[in-house]
Amino acid sequence: MTQKIRWGILATGGIAADFTQDLQLLPDAEVVAVGSRSQESAQAFADRFGIARAHGSWAELAADDGVDIIYVATPHHAHYEATALCLEAGRAVLCEKPFTLDAASSRALTELARKNGAFLMEGMWMRCNPAIRKLLDLVAEGAIGEVGTVHADFAFPGDFAPTHRLRDPALGGGALLDLGVYPVSFAHLLLGSPSTVSAWASLTPEGVDANTALLLGYDSGALATLSCGITSATPGRAFVGGSAGRIEVPPLFLRPDSFSLYRGTGDDVEPEVFRIPYTGIGFVHEAEEAMRCLREGLVESPLMRWQDTVEVMEILDTARAQIGVVYPGE
């Protein structure tokens, strides 16, 4: 492994630009190549960020031996194809969330990574966020007792055209996979896999979910109430209730820089406010974790295990089956 970790960026959209911008804040990271389905798009991105090599296909980027790890930044309907291509070439991959469209394809990618001995990680920045990691430490230490309730919401309205990625079934559209993955992942961080999943949604004319609610039940008696949508605004807050206190996470809970801990259950309990800023836009921390794992020779991150990715996708699969969202080819 070279002193600097050499990154390749697969795709050239907005999230690819944001991630590349954050990588430039890390002295031990270097973006050396970008790949797109067109040479023009790759070259324009390379020119914008001062990247040495622009590849006009994903395969060319995957074959670039000067790249240590590739960040897959395509829309999520293409995550499987792009990630599999990179893993087959022996490249390490950080793949943007949601990992794939379903749990079966997520499992297939982890098996491919295992077979090729290649590092693979879902780019769920929330799980690497410093404030979220501190929150989890406090819960593990018993700061609020036994967790019994988790709530999280993430929704925003928009005049999205039927061909927009949030509405097009061919692009894995709907609120659940794009936005709902955050509340579900937050609940999974605190409570793990549920014993029951109940979901309800209103659907768009195209057949994807526009406004969705989930209730997760656990054998411990704990529950999680979660929502996501593209028809109305919600605060974007999260809440963790325990037998001895609670934690409140302000908007946006998926990228917080603070939270409030209430030790006790009375009305007069004063909160401890933890202020833990993130770096850059917030992608820095998942990039740092991926690079740490590469240097230590790990194939998966303990912060974002393959099992965690698959279990979250299983919850989303169950919810999607209940609300009747079916993607082409299923």
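Which strands does helix α8 lie across, and at what angle to β1 does α8 run? The views below take up that question and several others, using a predicted model.

**View 1. Helix α8 lies across five strands: β1, β2, β4, β5 and β6.** Here is the reply to the opening question: α8 (residues 284–295) runs at about 125 degrees to β1. Look for β2 at residues 29–35 and β5 at residues 92–96 beneath this helix.

**View 2. Six strands make an open sheet with parallel pairing.** Reading across the sheet, the order is β3-β2-β1-β4-β5-β6. The edges are β3 (53–55) and β6 (120–123), each of which pairs on one side only. On average, neighbouring strands here are turned by 25 degrees against each other, direction ignored. Zoom in on β1 (residues 5–10) and β4 (residues 69–72): the two run parallel and are joined by four bridges. If you would like a landmark, pick L10, whose bridge partner in β4 is V72. In UniProt, an unreviewed entry annotates residues 5–123 as "domain: Gfo/Idh/MocA-like oxidoreductase N-terminal". That span is 42% helix and 24% strand, and its end C-alpha atoms lie 17 Å apart.

**View 3. Helices α1 and α2 pack with their axes 11 Å apart.** The angle between α1 and α2 (residues 39–49) is about 30 degrees, and the two helices are therefore roughly parallel to each other. Their crossing is right-handed. From α1 come A16, A17, T20 and Q21, and from α2 come F45, R48 and F49. Sorted by class, the residues of this contact are four nonpolar, two polar and one charged.

**View 4. Helices α5 and α9 cross at roughly 165 degrees.** The axes of α5 (residues 103–116) and α9 (residues 306–323) come within 8 Å. That angle makes α5 roughly antiparallel to α9, and the crossing is left-handed. On the α5 side you will find A103, S106, R107, T110, A113 and R114, and these face W306, T309, V310, M313, E314 and D317 of α9 in the contact. The contact of α5 with α9 has five nonpolar, three polar and four charged residues. Follow α9 to another set of neighbours: this helix also lies across β8 and β9 (209–217), running at about 50 degrees to β8.

**View 5. Eight strands form an open sheet with mixed pairing.** The order to trace is β8-β9-β10-β7-β11-β12-β13-β14. At the edges sit β8 (196–203) and β14 (272–275), each pairing on one side only. Neighbouring strands of this sheet are turned by 10 degrees against each other on average, direction ignored. Within the sheet, β12 and β13 pair in the antiparallel sense over four bridges. One residue to find there is E248, with S260 as its bridge partner in β13. Helix α6 packs on this sheet and touches β7 (147–155), β12, β13 and β14, with its direction making about 15 degrees with that of β13.

**View 6. Helices α6 and α7 meet in a right-handed crossing.** The axes of α6 (residues 130–140) and α7 (residues 175–191) come within 10 Å and cross at roughly 30 degrees. The two helices are therefore roughly parallel to each other. Which residues meet here, I132, L135, L136 and V139 in α6 and which partners in α7? The partners are F186, L189 and L190. The residues of this contact divide into seven nonpolar, no polar and no charged. UniProt lists residues 133–248 for "domain: GFO/IDH/MocA-like oxidoreductase", again in an unreviewed entry. Over residues 133–248 the chain is 22% helix and 36% strand, with the end C-alpha atoms 14 Å apart.

**View 7. Three loops hold backbone details worth a pause.** Most residues other than glycine have a negative phi, and most peptide bonds are trans. A11 is not a glycine, yet has a positive phi of about 105 degrees; look for A11 in the loop between β1 and α1 (14–23). The peptide bond from K97 to P98 is cis, with omega near -20 degrees, and P98 lies in the loop between β5 and α5. A cis peptide bond also leads from P251 to L252, with omega near -20 degrees. L252 belongs to the loop between β12 (245–249) and β13 (258–263).

Terms used: Residues are numbered from 1 along each chain as its sequence is written. This is a predicted model: local features need pLDDT of at least 70, side-chain atom pairs count only at pLDDT 80 or more; totals for chains, interfaces and linings use all residues. Side-chain values use heavy atoms; hydrogens and water are left out. Axes are lines fitted to C-alpha atoms, for helices over the stretch in contact, and angles run from 0 to 180 degrees between N-to-C directions. Angles under 35 degrees count as roughly parallel, over 145 as roughly antiparallel, 65 to 115 as roughly perpendicular and the rest as oblique. A crossing is left-handed if the near helix is turned anticlockwise from the far one by less than a right angle, and right-handed if clockwise. Contact means heavy atoms within 4.5 Å. Ala, Val, Leu, Ile, Met, Phe, Trp, Tyr, Cys and Pro count as nonpolar, Asp, Glu, Lys and Arg as charged, and the others, Gly among them, as polar. Two strands pair if DSSP finds at least two bridges between them. UniProt positions are given in the numbering used here, feature names are shortened, and annotations may be inferred rather than shown by experiment.
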